[in-house]
Amino acid sequence: MGKALEITDSTFEDLIQGDKPVLVDFWAEWCGPCKMIGPVVEQLAGEYEGKAVIGKMDVDMNSSIPAKFGIRSIPTLMIFKGGQLVDKVVGVVPKTTLEDKLNAQIEATVL
């Protein structure tokens, strides 16, 4: 079963350059809503293994990338493709919302 990658300021840029969609969960240990969506992100990591890259970035340990994207509320989940931000969700959302957004990016790759 796949596990969400730990993404850092130093690994972020290389990670988002690939041809697969990359979902990044910006979170913090003290954030209650982050703890609610965390297990969903881990499930997606397993379910989308080989189709998308799923990762998490602790905003307390990594400040430059969250600052670059102006993240003020967490959890913030961003989807990147080919190095570009293509979708974004702020707050806790149903798993189906994230699946729909990931599937749209995966299908766009196939077309």
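Two residues are in contact here when they have heavy atoms within 4.5 Å of each other. I start with that because the word contact comes up several times. The structure above is a predicted model.

First, the overall build. The protein chain has four helices and five strands. In sequence order, they follow the pattern β-α-β-α-β-α-β-β-α. The radius of gyration is 13 Å, close to the 13 Å that the globule rule gives for 111 residues, so the chain is as compact as a globular protein of that length. Along the principal axes, the C-alpha atoms fill a box of roughly 40 × 25 × 25 Å.

Some totals for the chain. Of the 111 residues, 45% are buried. Take the contacts with a separation of 6 or more: 73% of them are between residues 24 or more positions apart. The accessible surface is about 5,800 Å², and 55% of that belongs to carbon and sulfur atoms. On charge, there are 11 positive and 16 negative charges, and their mean positions lie 3 Å apart.

Now to single residues, starting with lysine 56. Which strand holds lysine 56? Lysine 56 sits in strand S3, residues 53-58. Is lysine 56 buried or exposed? Buried means under 20% relative accessible area. Lysine 56 has 9% relative accessibility, so it counts as buried. Setting aside the neighbours within four places in sequence, lysine 56 is in contact with Ala4, Leu5, Glu6, Ile7, Asp25, Trp27, Gly38, Val41 and Glu42.

One residue in that list, Asp25, is also a salt-bridge partner of lysine 56, with the closest N and O atoms 3.6 Å apart. This pair links distant parts of the chain: aspartate 25 is in strand S2, residues 22-27, lysine 56 is in strand S3, and they are 31 residues apart. Aspartate 25 and lysine 56 are both buried.

How many salt bridges does the structure hold? There are six. Let me go through some others.

Glutamate 42, another contact of lysine 56, forms a salt bridge with lysine 3, at 3.8 Å from N to O. Glutamate 42 is in helix H2, residues 32-47, and lysine 3 is in the segment before strand S1, so the pair links distant parts of the chain, 39 residues apart. Glutamate 42 counts as partly exposed, because its relative accessibility is 25%. Lysine 3 is exposed, with a relative accessible area of 60%.

Next, lysine 68 and glutamate 13. Their side chains meet in a salt bridge at 2.8 Å, N to O. Again distant parts of the chain are linked: lysine 68 belongs to helix H3 and glutamate 13 to helix H1, residues 9-16, with their positions 55 residues apart. Lysine 68 has 52% relative accessibility, so it counts as exposed. Glutamate 13, at 31%, counts as partly exposed.

There is also a network of salt bridges, which links Glu47, Lys95 and Glu99.

Two members of that network, Lys95 and Glu99, come back when we look at leucine 44. Leucine 44 is in helix H2. Its relative accessibility is 0%, so it counts as buried. Which residues does leucine 44 touch, leaving aside neighbours within four places in sequence? Its contacts are Leu23, Ile54, Lys95, Leu98, Glu99 and Leu102. For leucine 23, the C-alpha to C-alpha distance is 9.4 Å, and the two leucines are 21 residues apart in sequence.

Beside leucine 44 in the numbering is glutamine 43, which is also found in helix H2. Glutamine 43 counts as partly exposed, because its relative accessibility is 38%. The C-alpha atoms of glutamine 43 and lysine 95 are separated by 9.1 Å, although these residues are 52 apart along the chain.

Last, the backbone. Most peptide bonds are trans. Where does this chain have a cis one? The peptide bond from isoleucine 74 to proline 75 is cis, with omega near 0°. Proline 75 is in the loop between helix H3, residues 64-68, and strand S4, residues 76-81.

To recap two points: lysine 56 and aspartate 25 are a buried pair, and the bond leading into proline 75 is cis.

Notes: Residues are numbered from 1 along each chain as its sequence is written. This is a predicted model: local features need pLDDT of at least 70, side-chain atom pairs count only at pLDDT 80 or more; totals for chains, interfaces and linings use all residues. Side-chain values use heavy atoms; hydrogens and water are left out. The radius of gyration is taken over C-alpha atoms; the globule rule is 2.2 Å times the number of residues to the power 0.38. Buried means under 20% relative accessible area, exposed over 50%, partly exposed in between (1.4 Å probe, protein chains only). Accessible areas come from the Shrake-Rupley method with a 1.4 Å probe; for residues, only the protein chains shown count as cover. Lys and Arg count as positive and Asp and Glu as negative; His and the chain ends are not counted. The place of a charge is taken as NZ of Lys, CZ of Arg, CG of Asp or CD of Glu. A salt bridge is a side-chain nitrogen of Lys or Arg within 4 Å of a carboxyl oxygen of Asp or Glu.
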